[in-house]
Amino acid sequence: MKKFRVNRTARAVCCMIFVIGVGVYGAGAQSLPPATTIGAIQLSSQPQIDAGFRLLYELKFPEARGMFQEWEYRHPAEALGPAAEAASYLFQEFDRQGVLTSEFFLDDNRLLGGIAGAPDPRLRDLFGAAVKKAQTLANIRLKSNPQDADALFALTISAGMLADYSSLIEKRQIEGLRLTREADTVAKNLLVVAPSAADAYVALGAANYILGCLPVYKRFLIRFGGFHGDRALGMQQMQLTAARGHYLRPFAKLTLGLAALREKQWDLARGQFEQLTAEFPANAKFAHELAKLQAPVVVPKSNKGIR
């Protein structure tokens, strides 16, 4: 496969398009949707999927997969099961590589350059198979009903996860951007059908934020590719998912907390990690991030390069 050389700008674009998300192509400000039932989408009626995601946030990846696979066995035509299973492989790889930590996020060399290690080949293959299955099932549903919210949700997070893996883990930033554009299109269709699906905003906000952190001249160049960034809007969108999200609410709190550290918004960051530590006491990494906030946070000098 042909390899592309990409500059640090492309890496910066991709490195924050984290797990399970949508792109940011000329997106306008989004107001907080009402806390109403999302209709057909299966966000509040699948306790076993909820339990599996809780196990993910506790870093109990095999146990989470067991939940997802059992649900998948009982619902073989639903794309949500394999999509959730794929998320478990991606979260595990992120945990292996230390991606979702302040050490990674506050270090521009790591944030802009991606992981230093190599991906686990077993996790890579299992992740790819689960994503492919989720996409196949979702597309079957969409052929009969293009407004099927369940299928759109599964397809959105599947395309987003592929973008995450391509850019952050495999460092194929060009492919990651293409996949992000694809996820963006599906996510917009999802939000038309289910406007209260707040999970869709977390990676949109993350991408908006990191693009907004780039120097003005780099943001100008990125605009030619259809990308737009806004740090304030990005923080707002992450807060939306942190307040109203479902499966990805804790993930939004984590990314919001890390972004707040970069912005030196200590109270906001502390609040997110306090809530995460209280909700997931089994995850020592949340407590570790909170403990570091008890002392002054030193932001690496390299951060000045992207302001």
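**Helices packed on helices**

Student: H2 and H3 are roughly antiparallel to each other, and this is a predicted model. At what angle do H2 and H3 pack?

Tutor: Start with the two partners: H2 covers residues 47-57 and H3 covers residues 61-74. Their axes sit 7 Å apart. To count as roughly antiparallel, an angle has to be over 145 degrees, and the angle here is about 160°.

Student: Which H3 residues does H2 meet, and what hand is the crossing?

Tutor: From H2, the residues involved are Gln-48, Ile-49, Ala-51, Gly-52, Phe-53, Leu-55 and Leu-56. On the H3 side they meet Phe-61, Glu-63, Ala-64, Met-67, Phe-68, Glu-70, Trp-71 and Arg-74. As for how H2 passes H3, the crossing is left-handed.

Student: Take Trp-71 from that list: is Trp-71 buried or exposed?

Tutor: Trp-71 is part of helix H3. Its C-alpha lies 9.8 Å from that of Pro-47, a residue 24 positions away along the chain. The cut-off for buried is under 20% relative accessible area; Trp-71 has 1%, so Trp-71 is buried.

Student: And what does Glu-70 count as?

Tutor: Glu-70 also lies in helix H3. Glu-70 and Gln-48 are 22 residues apart in sequence, with 8.7 Å between their C-alpha atoms. At 45% relative accessibility, Glu-70 counts as partly exposed.

Student: Which residue in the loop between H2 and H3 has a positive phi?

Tutor: Most residues other than glycine have a negative phi. In this loop, one non-glycine residue has phi near 65°. That residue is partly exposed, at 29% relative accessibility. You're looking for Leu-59.

Student: Lys-264 has a positive phi too. Is Lys-264 buried or exposed?

Tutor: Lys-264 sits in the loop between H13 and H14, with phi near 60°. Exposed means over 50% relative accessible area. Lys-264 comes in at 54%, so Lys-264 counts as exposed.

Student: What about H4 and H8: how are they oriented to each other?

Tutor: H4 (residues 80-97) and H8 (residues 149-169) pack with axes 10 Å apart, at an angle of about 25°. The cut-off is under 35 degrees, which makes H4 and H8 roughly parallel.

Student: What hand is the crossing of H4 and H8?

Tutor: Residues of H4 in the contact include Leu-80, Ala-83, Leu-90 and Phe-94. They belong to the set that meets H8 residues, among them Phe-153, Ile-157, Met-161 and Tyr-165. The way H4 passes H8 is left-handed.

Student: How far apart are the end C-alpha atoms of H14?

Tutor: H14 runs over residues 266-279, which is 14 residues. At 1.5 Å a residue, H14 should span 20 Å. The model agrees, because the end C-alpha atoms are separated by 20 Å.

Student: Which helices do the buried residues of H14 pack against?

Tutor: The buried residues of H14 are Leu-268, Ala-269, Gly-271, Gln-272, Phe-273, Leu-276 and Thr-277. One partner is H12, which has buried residues of its own, including Leu-233, Met-235 and Met-238. The full set of partners is H12, H13 and H15.

Student: Zooming out, what percentage of the chain's residues is buried?

Tutor: The chain has 15 helices and 0 strands. Among contacts between residues at least 6 apart in sequence, 72% join residues at least 24 apart. About 13,200 Å² is exposed, with carbon and sulfur atoms supplying 56% of that area. Of the 307 residues, the buried share is 56%.

How values were computed. Residues are numbered from 1 along each chain as its sequence is written. This is a predicted model: local features need pLDDT of at least 70, side-chain atom pairs count only at pLDDT 80 or more; totals for chains, interfaces and linings use all residues. Side-chain values use heavy atoms; hydrogens and water are left out. Buried means under 20% relative accessible area, exposed over 50%, partly exposed in between (1.4 Å probe, protein chains only). Helices (H or I, at least four residues) and strands (E, at least two) are DSSP runs, numbered from the N terminus. Contact means heavy atoms within 4.5 Å. Accessible areas come from the Shrake-Rupley method with a 1.4 Å probe; for residues, only the protein chains shown count as cover. Axes are lines fitted to C-alpha atoms, for helices over the stretch in contact, and angles run from 0 to 180 degrees between N-to-C directions. Angles under 35 degrees count as roughly parallel, over 145 as roughly antiparallel, 65 to 115 as roughly perpendicular and the rest as oblique. A crossing is left-handed if the near helix is turned anticlockwise from the far one by less than a right angle, and right-handed if clockwise. The expected span of a helix is 1.5 Å times one less than its number of residues.
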